[in-house]
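Work through the exercises below with the structure open beside the text. Try each task before reading its solution.

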Amino acid sequence: NKMISMEECIQLLKDETRGVLSVIGDDDYPYGMPMNHWYNEVDGKIYFHSGKIGHRQDALKKHNKVSFCVYDKGFQKENHWELIFKSVIIFGTIEIIDDKDKIIEITTKLSHKFTQDDNYIQKEIHAALSRTLLLKLNIHHICGKSVTES
């Protein structure tokens, strides 16, 4: 009774700018980190930009299974304290992409969620290009729900 439609799940992925990507970290502990993302409607994948080194990359080399959670800002009904919000959780596998043209293409689209200043975007992308990878989330399962805090 709390589930939201697939269309609402996709809309949430398109509208929200951040979520939490969780990998299997050291000693099999979950390791979650806030990440900017871009949902590609053409291929149905979620993309993240990432550095080439670090704990996340080390974890992904061992286990490419991840979960990704996105939730909206929610709202309150008049004269109510509880927050009503929608969330989406995705389970899938990460594919690491080190193709410079693809990195430029996708990070440009991701950046447009934050600013339309193309000069700034291209300057930043090209300055960090040698240190940047793309993470492509291949979705195996997706579900969403609307929750009222209690």
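The exercises go from the sheet to the helix and then to single residues and pairs.

This is a predicted model: local features need pLDDT of at least 70, side-chain atom pairs count only at pLDDT 80 or more, and totals for chains, interfaces and linings use all residues. Residues are numbered from 1 along each chain as its sequence is written, and side-chain values use heavy atoms, with hydrogens and water left out.

**Exercise 1. The sheet**

Task: State the order of the strands in the open sheet and explain why one side of β2 and of β3 is left without a neighbour.

Solution.
Step 1. Fix the terms: helices (H or I, at least four residues) and strands (E, at least two) are DSSP runs, numbered from the N terminus. Two strands pair if DSSP finds at least two bridges between them.
Step 2. Read the order: the seven strands follow one another as β2-β1-β5-β6-β7-β4-β3, and the pairing is antiparallel.
Step 3. Look at the edges: β2 and β3 (38–40) each have a single partner strand, so one side of each has no neighbour in the sheet.
Step 4. Add the twist: ignoring direction, neighbouring strands of this sheet are turned by 35° against each other on average. The axes used here are lines fitted to C-alpha atoms, for helices over the stretch in contact, and angles run from 0 to 180 degrees between N-to-C directions.
Step 5. Take one pair: β5 and β6 run antiparallel and are joined by seven bridges. Tyr-71 stands opposite Ser-87 in β6.

**Exercise 2. The helix α1**

Task: Find which residues of α1 are buried and where they sit around the axis.

Solution.
Step 1. Apply the cut-offs: buried means under 20% relative accessible area, exposed over 50%, and partly exposed in between (1.4 Å probe, protein chains only).
Step 2. List the residues: Cys-9, Ile-10, Leu-12 and Leu-13 are buried in α1.
Step 3. Check the arc, taken from the directions from the helix axis to the C-beta atoms. These residues cover an arc of only 155° around the axis, which puts them on the same side of α1.
Step 4. Name the cover: β3, β4, β5, β6 and β7 (132–148) are included in what covers the buried residues of α1.
Step 5. Turn to Glu-8, which also lies in helix α1. Glu-8 is partly exposed, because its relative accessibility is 32%. Its side chain makes a polar contact of 2.9 Å with the side chain of Lys-86. (A polar contact is a pair of N or O atoms within 3.5 Å; within protein, one must be able to donate a hydrogen and the other to accept it, and residues adjacent in sequence count only if both atoms are side-chain atoms.) Glu-8 and Lys-86 are 78 residues apart in sequence, and their C-alpha atoms are 8.9 Å apart.

**Exercise 3. A loop residue**

Task: Is Glu-16 buried or exposed, and which residues does Glu-16 touch?

Solution.
Step 1. Place the residue: Glu-16 is in the loop between α1 (6–15) and β1 (18–24).
Step 2. Compare with the cut-off: Glu-16 counts as buried because its relative accessibility is 12%.
Step 3. List the contacts (heavy atoms within 4.5 Å): leaving out residues up to four places away in sequence, Glu-16 touches His-37, Val-70, Tyr-71, Asp-72, Lys-73 and Lys-113.
Step 4. Take one partner: Tyr-71 is 55 residues from Glu-16 along the chain, with 7.4 Å between the C-alpha atoms.

**Exercise 4. Aromatic pairs**

Task: Classify the pairs Trp-38 with Tyr-47 and Phe-48 with Phe-68.

Solution.
Step 1. Use the rule: rings of Phe, Tyr and Trp (its six-membered ring) pair if their centres lie within 6.5 Å; planes under 30 degrees apart count as stacked, over 60 as edge-to-face and the rest as tilted.
Step 2. Count: the structure holds three aromatic pairs.
Step 3. Trp-38 and Tyr-47 are tilted, at 6.1 Å centre to centre and 35° between the planes.
Step 4. Phe-48 and Phe-68 are edge-to-face, at 4.9 Å centre to centre and 80° between the planes. Phe-48 lies in strand β4 (residues 45–51) and Phe-68 in strand β5 (residues 65–71), so this pair ties together parts 20 residues apart in sequence.
Step 5. Check burial: Phe-48 is buried at 0% relative accessibility, and Phe-68 is buried at 0%.
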